Amino acid sequence: MRKTLMGIAIGSAVALGAVAPAHAISDTTADLSVLHGIPDTTVDVYVNGDLTLDDFEPGDLAGPLDLPAGDYEVAITAPDAADASSPILGPVTLTLEANASYTAVAHLDEGGAPTVTAFANDISQTAAGEGRLTVRHTAAAPAVDVLAGGSPVIEGLVNPDEASLDLAPGTISAAVAAAGTTDPVIGPADVTIEEGVLTIVYAWGSLEDDTLALAVQTIDGLHSAPHGVNSGTGGQLAERDMLLQSLLLIGVFAVAAASVTGVVVARSRAGR
């Protein structure tokens, strides 16, 4: 079976994991990753008529690949198809702009029909000491709320929309519930937010068929100077997420307690 250079490169990237340096792109190229979010369907993926992903399994994430900017024709076929002449989805044209990052997702629309959505990934710099969380609804399901620690932090997200938050680093217990409710239909699952990293969470599958699942993609290299400074104390953070505000207050109290302890120890030593 034919293997293109693109396919080999994507396979290599998958072997190295899903973390993509944002600086891989240039003024003439773009990054492209591909997520398979259609349940119970193994497929082959053709790009510009060439077999690019062979036996692509549901939930698999391939890439990123640094590609010249331009238009690419993507067709998804049954596994082991002779060519792309009889796709089960597509062909669709993806337009990649230079110096940008994309993830093409084969998924179900709200009504359960297969479709392809090309998402542009926000790889702009984060504030020092913050990471970015993006949630994408690509499941055959109505509008959902995203919960962190049981409280909604993103509300009314519909297929195929997305929502983003810049947050202080840490681990969030995330879940997805039908809009206006707090009973999870996906999760809860721990999602790690890292400084200078874009973490993208996809809800995919079908609510009716009980195949809902999460997929996670990370893209690093979004640091702004100085690196590693924990400055996630902005008022906008507290406004977005009461849970994270509570965690922040706990941290402040811990620092204050440590300071008081230090003062007591110092005075005790001075009094000896």
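## Two cis peptide bonds

Pro188 sits in strand β15, which covers residues 184-193. This is a predicted model. Look at the bond that leads into this proline. The peptide bond from Gly187 to Pro188 is cis. Its omega is near 10 degrees.

What kind of peptide bond joins Gly63 and Pro64? The bond is cis, with omega at about 10 degrees. Pro64 is also found in a strand: β5, residues 61-68. Most peptide bonds are trans. Both prolines are therefore worth finding in the 3D view, with Gly187 to Pro188 cis and Gly63 to Pro64 cis, against a general background where most bonds are trans.

## Two residues with positive phi

Now turn to the backbone angle phi. Most residues other than glycine have a negative phi. Asp40 is not a glycine, yet its phi is positive, at about 60 degrees. Where is Asp40 placed? Asp40 lies in the loop between β2 (29-37) and β3 (43-47).

Asn48 has a positive phi too, about 50 degrees, and Asn48 is not a glycine either. Its place is the loop between β3 and β4 (50-56). Is Asn48 buried, partly exposed or exposed? The relative accessible area of Asn48 is 45%. Exposed means over 50%, and buried means under 20%. Asn48 falls in between, so Asn48 counts as partly exposed.

## A negative surface patch

Asp40 comes back here. Which residues form a negative surface patch? They are Asp40, Glu208, Asp209 and Asp210. Asp40 has 71% relative accessibility. The cut-off for exposed is over 50%, so Asp40 counts as exposed.

Glu208 belongs to the patch as well. Its loop runs between β16 (198-206) and β17 (213-220). Glu208 counts as exposed because its relative accessibility is 74%. So the patch includes exposed residues from two loops: Asp40, exposed at 71%, in the loop between β2 and β3, and Glu208, exposed at 74%, in the loop between β16 and β17.

## A buried threonine

Strand β16 also holds Thr199. Is Thr199 buried or exposed? Thr199 has a relative accessible area of 2%. Buried means under 20%, so Thr199 is buried.

What does the side chain of Thr199 reach? It reaches the backbone oxygen of Thr192, at 3.5 Å. Thr192 supplies a backbone atom to this pair, while Thr199 supplies its side chain.

Key. Residues are numbered from 1 along each chain as its sequence is written. This is a predicted model: local features need pLDDT of at least 70, side-chain atom pairs count only at pLDDT 80 or more; totals for chains, interfaces and linings use all residues. Side-chain values use heavy atoms; hydrogens and water are left out. Patches are made of residues with over 30% relative accessible area and no salt bridge: like charges are joined within 9 Å, nonpolar side chains (Val, Leu, Ile, Met, Phe, Trp, Tyr) within 5 Å. Accessible areas come from the Shrake-Rupley method with a 1.4 Å probe; for residues, only the protein chains shown count as cover. A salt bridge is a side-chain nitrogen of Lys or Arg within 4 Å of a carboxyl oxygen of Asp or Glu. Lys and Arg count as positive and Asp and Glu as negative; His and the chain ends are not counted. The place of a charge is taken as NZ of Lys, CZ of Arg, CG of Asp or CD of Glu. Helices (H or I, at least four residues) and strands (E, at least two) are DSSP runs, numbered from the N terminus. Buried means under 20% relative accessible area, exposed over 50%, partly exposed in between (1.4 Å probe, protein chains only). A polar contact is a pair of N or O atoms within 3.5 Å; within protein, one must be able to donate a hydrogen and the other to accept it, and residues adjacent in sequence count only if both atoms are side-chain atoms.
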